[in-house]
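Dear colleague,

I am handing over the structure we spoke about, and my notes on the ligand and its surroundings come after it.

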Amino acid sequence: MEIDVRNAVEMLGRGSGKALDIGTGSGRMAAALSQYGYQVVSIEYNVEALKRAEQNLRQNGDLENVLLIHGDAHNLPFLDETFDVVATYNAMHHMTDYKKVLDEMVRVCKKGGSILISELNEYGKEIVAERHRERGGHHEAKISIEDIEEYLKNTYGLTGEIKNSEKADIFLCKK
Ligand SMILES: C[S@@+](CC[C@H](N)C(=O)[O-])C[C@H]1O[C@@H](n2cnc3c(N)ncnc32)[C@H](O)[C@@H]1O
């Protein structure tokens, strides 16, 4: 498990409830949540990414605990207060409207549930941008964990802790 993913799930700790992972990508956070005991639903809007995640999860034996769903984080197809944990790992900067996604995360999280958000720090942004440049592409991440923290505090009165990890900063709060 990558150090940033481990630091994120360690903040949460082991559990047995229902966890939603937003922006599945290659499935790192979905796998980590499964390994920490949660029943995981993971949502991703790119079908090719979903297929890769499925392969990865199958290979490391986590697919059994993870339901992969094709959908949009801006309109989560779940009832209010469905999940004990709502998590997202380095995906918020990909969202068209991260505030709308945060609204959705708060909506589907149970009262007393946990919201766990990892976002690239300055070093992580440089590394990822460099990787994309090498492949002839471009990557820009404009938001920071402080933007996310500020929005949740000002809009919902939610406060939590931030942990600085290697390439990411991680925020955890209770609803
Ligand atoms: C860098 S990856 C995240 C890494 C991933 N969380 C992991 O654990 O490996 C970002 C992912 O967010 C997805 N994404 C972007 N916008 C989305 C949206 N509106 N709804 C769902 N997924 C989205 C992208 O397709 C991409 O696969």
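Below is what was found, starting with how the values were obtained.

This is a predicted model, in which local features need pLDDT of at least 70 and side-chain atom pairs count only at pLDDT 80 or more, while totals for chains, interfaces and linings use all residues. Residues are numbered from 1 along each chain as its sequence is written, and side-chain values use heavy atoms, with hydrogens and water left out.

UniProt, in an unreviewed entry, lists residues 20–117 as "domain: Methyltransferase type"; such annotations may be inferred rather than shown by experiment.

Around the ligand there are 19 residues (each with a heavy atom within 4 Å of it), of which Gly23, Arg28, Met29, Glu44 and Asp72 come nearest. Sorted by class, this shell holds 6 nonpolar, 10 polar and 3 charged residues, where Asp, Glu, Lys and Arg count as charged, Ala, Val, Leu, Ile, Met, Phe, Trp, Tyr, Cys and Pro as nonpolar, and the others, Gly among them, as polar.

As for polar contacts (pairs of N or O atoms within 3.5 Å), a polar side-chain atom of Glu44 lies 2.5 Å from an oxygen atom of the ligand, and an N or O atom in the side chain of Asp72 is 2.8 Å from a ligand nitrogen atom. A polar backbone atom of Tyr89 is 2.9 Å from a nitrogen atom of the ligand. Taken alone, the ligand exposes 610 Å², and the protein buries 90% of that (Shrake-Rupley method, 1.4 Å probe).

With kind regards

How values were computed. Polar contact = N/O pair within 3.5 Å; in protein donor to acceptor, adjacent residues only side chain to side chain.
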